[in-house]
Amino acid sequence: MAPTPTGHRGTRVHVVSDVHGNARDLARAGEGADALICLGDLVLFLDYADHSRGIFPNLFGTENADRIVALRTARRFEEARAFGARLWAGVGTDRESLIEKAVRRQYAELFAAFPTPTYATYGNVDMPPLWQEYAGPGTTVLDGQRVEIGGWTFGFVGGGLRTPMRTPYEIGDEEYAAKIEAVGEVDVLCTHIPPEVPELVYDTVARRFERGSRALLDAIRRTRPRYSLFGHVHQPLARRMRIGATECVNVGHFAGTGKPWALEW
């Protein structure tokens, strides 16, 4: 956390990511801060720590959630997809409407919990087309864009890169790199996924490397922001590390801890 000059009240922002349905703590996340920043993954589709929570177990039960988590953790993605397809076949042809209805219920509660002002970008499990419906006047949604807060420039890039998990908002490497380029030089670079560094992308509980961004890593080295803030990896090998002049911080623990990360200057 950057120091605030003695005798002068500076600016304080709270940063959260990977909210995954935790509306109760989200409603308090902005207390004592000038602004809240949210780096996505509002939706809870399946809780890997508690398989009874989320859209998937609500539809198919905890036992089936146990099975699909076990397959994914073992990196048996094709088997997991086939198993999921059999379950979805049993609900008929309205899979997309069932998911959207469940996501809308979560978004209604979560967006209502955002304080004013909130600056937010999408995670890989979010559904961007729905955000404008639920974001109130106090919430600014940014993706490949910049905003000034307290005299510092913050850049935002949402979404994730393509993976075998096929989550809703995964995009190609070139499209992601273009958004990083559009943001340019900033004081704080806010993304959902981390830069492609082994210690930052390995999840110690899921026991796999998540996808980080090489374009983001290159931008950090080239433009030297004060901070790179991100989530996505819930239990990383390293929660923070320096890359050159930049302090890189994983803030993707909000669903479990309910506590935002604070930045003051």
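Two strands are said to pair if DSSP finds at least two bridges between them, and in this predicted model strand 9 and strand 12 (residues 227–230) meet that condition, since they pair in the parallel sense over three bridges. Within this pairing, Leu 189 stands opposite Ser 228 in strand 12. Strand 9 also has a partner in strand 6 (residues 152–157), to which four bridges join it, and these two strands run parallel as well; here Gly 155 is the residue that stands opposite Leu 189. If we now look at the side chains of strand 9 (residues 188–191), we find that Val 188 and Cys 190 point one way while Leu 189 and Thr 191 point the other way, and that all of them are buried.

From the strands we can turn to the nonpolar interior. The largest nonpolar core has 58 residues, and those with the most contacts inside it are Val 16, Val 19, Leu 26, Leu 42, Val 103, Tyr 107 and Trp 131. Helix 5 (residues 95–113) supplies the largest share of this core, namely seven residues. Another core, of 21 residues, lies apart from it, and among its members are Val 147, Ile 149, Tyr 227 and Val 251. To see the surroundings of one residue, consider Val 16, which, when its neighbours within four places in sequence are left aside, is in contact with residues including Leu 26, Ala 29, Leu 36, Val 251 and Phe 254.

Polar residues can be found inside too, and Thr 121 is one to follow, placed in the loop between strand 3 (118–120) and helix 6 (128–134). Its relative accessible area is 0%, and because buried means under 20%, Thr 121 counts as buried. What does the side chain of Thr 121 reach at 3.2 Å? It reaches the backbone nitrogen of Gly 158, while the backbone oxygen of Leu 142 lies 2.7 Å from a polar atom of the side chain of Thr 121. Beyond its neighbours within four places in sequence, Thr 121 is in contact with several residues, among them Trp 131, Asp 143 and Phe 156.

The charged residues come next. Side chains of opposite charge can pair when their charged atoms come close. A search of the whole structure finds 16 salt bridges, one of which joins the side chains of Asp 143 and Lys 179 at 2.9 Å, N to O. Asp 143 lies in the loop between strand 4 (139–141) and strand 5 (145–149) and Lys 179 in helix 7 (residues 173–183), so the pair ties together parts that are 36 residues apart in sequence. Asp 143 is buried, with a relative accessible area of 18%, and Lys 179 is buried at 11%.

Helix 7 also holds Asp 173, which is linked to Arg 211 in the loop between strand 11 (208–209) and helix 9 (214–223), 38 residues apart. In this salt bridge the closest N and O atoms are 3.0 Å apart; Asp 173 is partly exposed, with a relative accessible area of 44%, and Arg 211 is partly exposed at 27%.

Finally, Glu 170, in strand 8 (residues 170–171), is buried yet has no salt bridge, the nearest side chain of opposite charge, that of Arg 162, being 6.0 Å away. Because a salt bridge requires a side-chain nitrogen of Lys or Arg within 4 Å of a carboxyl oxygen, that distance does not qualify. The side chain of Glu 170 does make polar contacts, with the side chain of Thr 163 at 2.7 Å and with the side chain of Thr 167 at 2.7 Å.

Conventions
Residues numbered from 1 in each chain as written. Predicted model: local features only at pLDDT ≥ 70, side-chain atom pairs only at ≥ 80, totals over all residues. Heavy atoms only, no water. Buried < 20%, exposed > 50% of the residue type's maximum accessible area, 1.4 Å probe, protein only. Lys, Arg positive; Asp, Glu negative; His and termini not counted. Polar contact = N/O pair within 3.5 Å; in protein donor to acceptor, adjacent residues only side chain to side chain. Core = buried A, V, L, I, M, F, W, Y, C linked by side-chain atoms within 4.5 Å. Contact = heavy atoms within 4.5 Å.
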